[in-house]
Protein chains: 2
Amino acid sequence: MSAAETDALELLRGRLAELADVRALDALATWDQLVMMPAGGAIQRGHQLGTLARIRHERATAPEIAGWLGELEGRDLSPLDADLVRIARRDWERAARVPTDLAAELSEAHSDGHERWRAARAEDDFAAFAPALERNLELARAYGECVAEDGQGTYEALLSDFDYGLRTEELRRLFGALGEQLAPLVEAARAHGPIDRPEVPREAQQHAVEGVLRRVGVDEEGWRVDVSAHPFSTSTARTDQRITTRYDDGGIESLLSSLHEFGHALYERQIDPALERTNLGTGTSMSVHESQSKLWENHVARHPAFAAVLAAELAAGGYEVEPAVLHEAIVAVEPSLIRVSADPLTYPLHIVLRFELELALIDGELSVADLPGAWREGMMRLLGVEVPSDALGCLQDVHWSEGAFGYFPSYALGCLIAASLWETLELQEGPRADALGRAEVETIKQWLGANVHRHGRRLDTVPLVETVTGRGLEIEPFMRYATPLASAGARM
Amino acid sequence: MSAAETDALELLRGRLAELADVRALDALATWDQLVMMPAGGAIQRGHQLGTLARIRHERATAPEIAGWLGELEGRDLSPLDADLVRIARRDWERAARVPTDLAAELSEAHSDGHERWRAARAEDDFAAFAPALERNLELARAYGECVAEDGQGTYEALLSDFDYGLRTEELRRLFGALGEQLAPLVEAARAHGPIDRPEVPREAQQHAVEGVLRRVGVDEEGWRVDVSAHPFSTSTARTDQRITTRYDDGGIESLLSSLHEFGHALYERQIDPALERTNLGTGTSMSVHESQSKLWENHVARHPAFAAVLAAELAAGGYEVEPAVLHEAIVAVEPSLIRVSADPLTYPLHIVLRFELELALIDGELSVADLPGAWREGMMRLLGVEVPSDALGCLQDVHWSEGAFGYFPSYALGCLIAASLWETLELQEGPRADALGRAEVETIKQWLGANVHRHGRRLDTVPLVETVTGRGLEIEPFMRYATPLASAGARM
């Protein structure tokens with residue numbers, strides 16, 4: 001290896017380490033904003049995050065990176081360094097293709113859109129939001145055209161920001177089949193009528209969340225668990241994982257969402273330490289990330305055997321409930337208006353609708369003015385639900401207000417991939433029921449670490465799924481998981 | 001104003017805003033490290049802080065800044081912009097004069113020194129620390145020579161990093177007089193024998209700290225109060241002030257230290273909002289900063305009238321104590337080994353010793369090998385205290401291990417300036433005793449805001465003190481404060 005070559009690799013690795021540090025600081029500042037910061041800090045925090053974003057963009061798109069990559073490409077590198085160079089090239093090309101002016105316009109439009117959306121949702125006034133959505137769509141199309149690779153449509157180019165390598169056609173196929181095959185299950189579930197939901201005091205929830213998280217390995221050495229308005233997870237280092245939950249309602253959502261966020265965090269935690277402070281040391285895509293949270297939410301927390309563990313932790317917190325009753329409430333299917341509180345069977349249908357609509361919006365086949373009507377029609381068609389207002393309809397989610405088109409699919413893909421991984425895991429390691437009844441999850445964690453987590457960004461979504469399961473993206477494992485849910489309690 | 005000139009001012013202001021943001025992020029990452037971060041995050045946090053420091057140094061020393069300053073100097077600017085340019089020039093010159101290699105060597109030696117000091121203190125093994133201290137001294141001399149202005153000695157040049165414009169000669173005069181005039185008071189205090197100190201349960205301390213801070217204006221909108229191993233204060237914005245305390249011991253140190261940190265934070269909070277995100281929007285020097293903490297610690301918390309407020313808050317937390325008994329414990333004079341737990345009268349003598357020794361070390365008049373002996377001799381001479389070990393002697397403080405020579409004087413200057421300001425305040429606003437008995441501090445806060453805080457860095461230490469008090473740095477006000485303390489309880 002020549003001196004120049006070594007040097008280019010060192011310089012590239014130095015820059016990537018710096019970018020990883022800046023990303024971690026951004027994560028910290030955002031976490032603090034949502035969890036710790038007094039309200040008085042808000043305006044300056046906006047400036048601070050803006051400055052970090054500018055520094056990051058400037059250093060990520062600097063021309064010297066292309067110089068280093070040019071020196072390194074085609075050389076004989078270790079497999080790790082070859083991946084590092086390959087992904088650095090991809091990231092650099094995508095970032096550098098966006099003109100500075102467009103990047104600034106996007107950023108402004110997203111802040112503006114977010115503010116207008118908040119106001120419009122509060123007032124249930126879609127018309128007040130429509131111009132901002134129109135502007136976000138125009139800019140998203142312009143952005144998509146900049147970053148599109150050969151043969152890619154605009155929507156697929158946008159998708160690549162969240163899930164590199166995913167094809168729009170593939171999503172049409174998967175989500176079309178999901179819509180068709182879930183519809184009769186929703187119909188069947190509706191026949192059961194409403195379920196009694198437990199009313200769990202806040203103290204018992206809190207006790208159970210702490211107890212369950214401790215059981216799956218959340219310790220003080222490497223984790224924080226806090227409260228925030230919306231649950232999320234973040235990390236400032238592989239060994240500093242932070243998850244949040246909330247205890248507002250009287251249900252057991254705090255338990256489900258804690259294990260959901262634990263799944264995200266465990267992914268980041270079990271990435272190969274050799275990838276830390278490189279461009280490869282994070283989860284590979286939004287859909288694989290969501291598969292990790294959904295695996296812990298759907299397949300662990302909602303497993304019939306795990307209900308005994310949850311009930312025991314609730315009992316230790318002073319709330320007595322039969323495991324069977326608890327499980328029934330946890331898996332109850334009830335078509336409803338709001339995505340974030342949807343049950344595990346109907347959840348993907350909320351995404352199927354959003355995918356259809358955002359694809360049509362980007363392609364110009366649906367006008368912004370027609371969105372509320374299309375939303376109502378879709379909710380009736382897919383879920384049999386009447387939408388009483390736009391606030392409970394097409395204004396419910398933040399994503400489009402911030403210009404995030406192509407993000408929604410990852411939520412449903414996460415459900416599909418989680419089910420595929422879970423079947424493979426049980427095939428290779430045996431059924432988990434007995435172990436889960438004893439809250440033993442070490443095998444699950446190790447299997448995920450060895451098969452999914454450690455790769456970081458070295459494998460994109462589809463290659464990763466193929467490597468682990470031997471099959472591509474498919475809906476059958478999820479359908480096998482979802483079908484028994486349609487008849488409440490059937491899995492017990 | 002020409003277009004180029006406007007442009008240079010805008011560019012300069014933009015860079016200064018960015019540097020202020022980076023400073024705030026550094027403050028946040030450090031606060032998080034000491035208060036929130038799981039231990040697992042330590043190594044990566046070190047990298048993250050290192051990256052921030054590099055980015056900050058690179059952007060603070062960039063040659064374009066000199067270009068902008070050149071365009072702006074001598075032009076007709078508003079008084080605020082003229083100050084902004086003046087201080088920007090000073091900061092740029094000081095930073096740019098340090099060769100990159102030396103900056104890197106300093107940073108490495110300080111980390112290394114810190115690690116060796118920790119180990120050496122734990123083992124009470126000065127010899128193990130001596131080579132690192134020797135290295136820090138060499139590098140500090142090299143650094144001081146780089147940044148020295150015309151006619152400045154090396155020590156004075158180092159001092160300027162913490163207190164710009166302070167003269168070594170002035171410190172010799174002040175600290176010499178302090179040593180002489182405090183000695184007989186220490187002797188007198190020793191005659192009284194030891195004082196009974198209250199043993200306050202942790203819950204009562206905590207309750208009282210929260211209550212007292214609420215009384216002086218700490219609200220949820222703009223403040224956080226947390227626990228850390230060593231109390232400190234920091235801010236990520238003028239309206240996001242964070243202070244910490246600790247409750248380990250059974251004494252009332254938590255109350256004193258909370259008001260101490262409140263004084264630091266209030267200074268930052270009351271700086272003119274127009275200075276936010278400029279180079280002028282922080283406290284002007286370490287000694288003025290310390291004067292603000294000492295004002296709240298010595299002149300408010302230790303005021304005989306305020307003892308009733310403290311006692312009431314402790315009582316509300318379940319701990320009953322007579323105000324007079326509490327006050328006696330709070331002002332009790334007892335010569336001791338450790339600076340950070342010293343009483344208000346002997347505290348400055350700990351600093352007089354450190355100033356003598358670090359000046360002699362930098363000037364080469366004291367060798368590192370002779371430091372432990374000189375420390376013992378000084379403690380006996382100034383405080384009449386026998387030093388049983390280096391761990392309780394010259395290894396007790398972190399500062400020299402991190403190359404901070406010239407920092408210690410600010411602690412004693414803070415005591416002197418606080419006393420001067422307090423006398424001026426009472427002269428202008430009338431005695432505070434009655435109001436303090438009712439926990440009314442609004443006048444104090446407003447006076448400090450209008451006279452001291454709002455200026456930010458626009459006035460250096462000595463001009464600020466002269467503007468407010470009409471006099472220079474002097475020891476008499478502090479001596480008038482300290483003299484009654486020598487006879488315990490006399491001020492009641």
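**Figure 1. Surface and overall build of chain A in this predicted model.** Chain A exposes about 19,300 Å², and carbon and sulfur atoms supply 50% of that area; accessible areas come from the Shrake-Rupley method with a 1.4 Å probe, and for residues only the protein chains shown count as cover. Of its 492 residues, 57% count as buried (buried means under 20% relative accessible area, exposed over 50%, partly exposed in between, with a 1.4 Å probe and protein chains only). You will find 20 helices and 3 strands in chain A (DSSP runs numbered from the N terminus: helices are H or I with at least four residues, strands are E with at least two). The radius of gyration of chain A is 23 Å, close to the 23 Å from the globule rule for 492 residues, so chain A is as compact as a globular protein of that length; the radius is taken over C-alpha atoms, and the rule is 2.2 Å times the number of residues to the power 0.38. Along the principal axes, the C-alpha atoms of chain A fill a box of roughly 65 × 50 × 50 Å.

A note on conventions: residues are numbered from 1 along each chain as its sequence is written, while chains are lettered from A and ligands numbered from 1 in the order in which they are written. As this is a predicted model, local features need pLDDT of at least 70 and side-chain atom pairs count only at pLDDT 80 or more, whereas totals for chains, interfaces and linings use all residues; side-chain values use heavy atoms, with hydrogens and water left out.

**Figure 2. Contacts and charges across chain A.** Among contacts in chain A with a separation of 6 or more, 73% come from residues 24 or more positions apart (contact means heavy atoms within 4.5 Å). The mean positions of the 47 positive and 80 negative charges of chain A are 3 Å apart. Here Lys and Arg count as positive and Asp and Glu as negative, with His and the chain ends not counted; each charge is placed at NZ of Lys, CZ of Arg, CG of Asp or CD of Glu.

**Figure 3. The largest nonpolar core, seen around Phe478(A).** This core has 144 residues, and those with the most contacts inside it are Leu12(A), Phe175(A), Phe262(A), Trp296(A), Ile444(A) and Phe478(A). Leaving aside neighbours within four places in sequence, Phe478(A) is in contact with Leu178(A), Leu182(A), Pro344(A), Pro348(A), Cys415(A), Leu416(A) and Ala419(A). Apart from this core lies another, of 143 residues, among them Phe306(B), Val352(B), Ala374(B) and Met479(B). A nonpolar core is a set of buried Ala, Val, Leu, Ile, Met, Phe, Trp, Tyr and Cys residues joined through side-chain atoms within 4.5 Å. In soluble globular proteins, nonpolar side chains tend to be buried together.

**Figure 4. Ala419(B) in helix α16 of chain B.** The helix spans residues 409–429, and Ala419(B) counts as buried because its relative accessibility is 2%. Beyond residues up to four places away in sequence, Ala419(B) touches His299(B), Pro477(B) and Phe478(B). The C-alpha atoms of Ala419(B) and Phe478(B) are separated by 5.0 Å, with their positions 59 residues apart along the chain.

**Figure 5. Arg45(B) and its contacts in both chains.** Arg45(B) lies in helix α2 (residues 42–60) of chain B. With a relative accessible area of 0%, Arg45(B) is buried. Not counting residues up to four places away in sequence, Arg45(B) touches Leu28(A), Thr236(A), Asp240(A) and Arg242(A), together with Ala29(B), Asp32(B), Gln33(B) and Met37(B).

**Figure 6. Leu395(A) and Arg121(A), two residues in contact.** Leu395(A) sits in the loop between α15 (371–383) and α16 (409–429) of chain A and is buried, with a relative accessible area of 0%. Its contacts, leaving aside neighbours within four places in sequence, include Trp117(A), Ala120(A), Arg121(A) and Phe129(A). Arg121(A) belongs to helix α5 (residues 100–123) of chain A and counts as partly exposed, at 36% relative accessibility. With the same neighbours set aside, Arg121(A) is in contact with Ala391(A), Leu395(A) and Gln396(A).

**Figure 7. Two loop residues with positive phi, Arg277(A) and Asp124(B).** Phi of Arg277(A) is near 60 degrees; this residue lies in the loop between α10 (253–269) and α11 (286–301) of chain A and is partly exposed at 22% relative accessibility. Asp124(B), also not a glycine, has a phi of about 50 degrees. Asp124(B) is in the loop between α5 (100–123) and α6 (126–147) of chain B, and at 36% relative accessibility counts as partly exposed.
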